[in-house]
Each structure stands twice: as structure tokens, then as C-alpha cells.
Amino acid sequence: MNEIDLGGLALAALRAFPGSCALVFDRELRVLLTAGEGSLYTGTAPGELEGRSAAEALAGGSWEAHEPLFRAALRGETRSLEVWSADETACYEVEVAPLRSQGAELLGGVAVWRDVTHAKHAEEARRHAQERFELVFEEAPIGMALVTQEGRWVRVNEALLKITGYTAEELQSKTLEEVTHPDDISTDLEHVRRLLAGEIEDYEVPKRFFHARGHIISAVLTMGLVRDRRGKPLHFIAQIQDITESKLMEERLRRLAEQDALTGLRN
């Protein structure tokens, strides 16, 4: 065991895993060295565990989860695991790797714990946000869709299918332009440019669309943009509210105001 430079190994572990806890053990699973923030996972200060068994170092039920990783390291394997603290307030990523001499002789292993609580919470928040989006998307009373920058329908909800009369497969085989009234295709081109440029977050315009049966639907289109973490545009998110009935009512009221119902003459 004289071949092991414990001090150098500790420094190397700390440089590789800043803010972590490292534990070196021999082939009999005895702790040779603890380094770094020793209390991070083991709950003890560096040096207190040296000479004791790894099972003692990871007492309290933790050894049962770690033992397969430690024994795998003694077979020359590297394994990792995510573990939560006993009070479930912190999450750690532990990686256990074999420790070899310069001549490749297996001497023991090295375990490193890294606090990933913040990342896990962020991941959980993203998962909850995705679940909320899924619920809102599917259950929304207005039409919603994800649309590519080329105008392809990627995903549509049930409300949009009811508004347009298409099946999901039929709509996804078309482009947004193909179901838009020709006179309204270019009405929001400048809005799209500004949206992609990041000058606006969303926009709203009236548009007419073709129903699957051929008649025209009047709607209000609200368009936003989904970007990746680096700000690169991924796809548009469209909300389509059917206002066909209100438009027809508006037209009837306008005619009543402008034309005598009995004589047909203009007022």
C-alpha cells in the first residue's frame, strides 16, 4: 500500500470534484482517507473515519445502497448512483471507481459524493412545469398547437380539432398556410419577424381559416415562441380562438342597423 500517495490523491479528487466529499478504501473495504467536505455526505469531519470499515462510515442504512458500488469497484468496475439524505432534504450523486497502482494492480477504490440538490430541484421544477403545460395544452377550451418555423403542425389539441374539423393526422399533414385564408396569409409576417428577433414575446391577430368541410372560420390567433436554453427558437405555440359565431352576429347587427328589416331599404 506504500504506492498510494494519499495526499496527492486527495488533492486530485478535490480538483476533479470541487465542493465534494471523497473517500478512499482498500481491498478489505477499510477507509484509508476522507477528503474534501467530509461532512457533506458521511456526516463526519475528514480523518475521523480512517481505519474503519466502509460499512461503519456509511452506517444508518446507507451502506446497503452503496455496497454494490464499492464491491463493483473491487472488480474493476465504475458505477454511479443518486442517493438522498436521511431527511430527504439533499440529493447526492456518488461515483465509485477502482483505484489502481501505476502497474495497474487493483489496490481498492475511490468514492466521490457531489451535492446535486440544486440540479435535482431544478429538474423537478422543469418536470412540474412540463406537466402543467401538458394539462393546460390538452384541456384548454381554445385551440392550441405547436408549429415549426416552416409552418408545420407538430402537435394539436382536441379543441383545435373541433374548431377546424380535421383529425390530428390530417392537420399535421398540412401547413398553417394551407389552412389559412389566402387574404390573411401575409397579415402577420412582420409580427413573426419581430417574434423571432426577440423584439416581442407574442402577438395577436384576427385570421380566417378553412374548415375541413370547406367553409371559413373566423378566429383570433395568438402566437408565441418557445426557445431552448441558449435562446434558439424551437417552435411556435399557437392559440386559436373561434369567433365565427360572434362575427356572424356582428354582421347581422350591422345589417339591422343599416337596413330596414321590413322594406329592405337602407336606414
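This report describes a five-stranded sheet, the helices that lie against it and the aromatic contacts of a predicted model.

## The sheet

Five strands make up an open sheet, arranged in the order β7-β6-β10-β9-β8 with antiparallel pairing. The two edges are held by β7 (153-156) and β8 (202-210); each has a single partner strand, so one side of each has no neighbour in the sheet. On average, and with direction ignored, neighbouring strands of the sheet are turned by 30° against each other.

Strand β9 (residues 216-227) and strand β10 (residues 233-242) run antiparallel and are joined by nine bridges. Within β10, Gln-239 is the residue that stands opposite Thr-222. In general, the strands of a sheet pair through backbone hydrogen bonds, in either a parallel or an antiparallel manner.

## Helices against the sheet

Helix α4 (residues 117-139) lies across three strands, namely β6 (143-147), β7 and β10. The direction of helix α4 is at about 125° to β6.

Helix α7 (residues 189-196) also packs on the sheet, where it touches β8, β9 and β10. The direction of helix α7 makes about 15° with that of β9.

## Aromatic pairs

Three aromatic pairs are found in a search of the whole structure. One of them joins Trp-63 and Phe-70: the ring centres are 5.2 Å apart and the planes stand at 75°, which is over the 60 degrees required, so the pair counts as edge-to-face. Both partners have low enough accessibility to be classed as buried, because the limit is under 20% relative accessible area: Trp-63 has 15% and Phe-70 has 0%. Ring pairs also bring in Phe-25, which forms a cluster with Trp-63 and Phe-70.

Phe-133 and Phe-137 form another aromatic pair, with 5.6 Å from centre to centre and 45° between the planes, an arrangement described as tilted. Both residues belong to helix α4; because they are four residues apart, about one helical turn separates them. Their surroundings can be described in turn: Phe-133 is partly exposed, at 27% relative accessibility, whereas Phe-137 is buried, at 0%.

## A charge over a ring

Which ring has the charged end of Arg-155 sitting over it? The ring is that of Phe-137, and the charged end of Arg-155 lies 4.6 Å from the ring centre. Arg-155 falls within the range of the edge strand β7 (153-156), while Phe-137 is part of helix α4, the helix that lies across β7.

Technical notes: Residues are numbered from 1 along each chain as its sequence is written. This is a predicted model: local features need pLDDT of at least 70, side-chain atom pairs count only at pLDDT 80 or more; totals for chains, interfaces and linings use all residues. Side-chain values use heavy atoms; hydrogens and water are left out. Two strands pair if DSSP finds at least two bridges between them. Axes are lines fitted to C-alpha atoms, for helices over the stretch in contact, and angles run from 0 to 180 degrees between N-to-C directions. Contact means heavy atoms within 4.5 Å. Rings of Phe, Tyr and Trp (its six-membered ring) pair if their centres lie within 6.5 Å; planes under 30 degrees apart count as stacked, over 60 as edge-to-face and the rest as tilted. Buried means under 20% relative accessible area, exposed over 50%, partly exposed in between (1.4 Å probe, protein chains only). A charge sits over a ring if NZ of Lys or CZ of Arg is within 6 Å of the ring centre and within 35 degrees of the ring normal.
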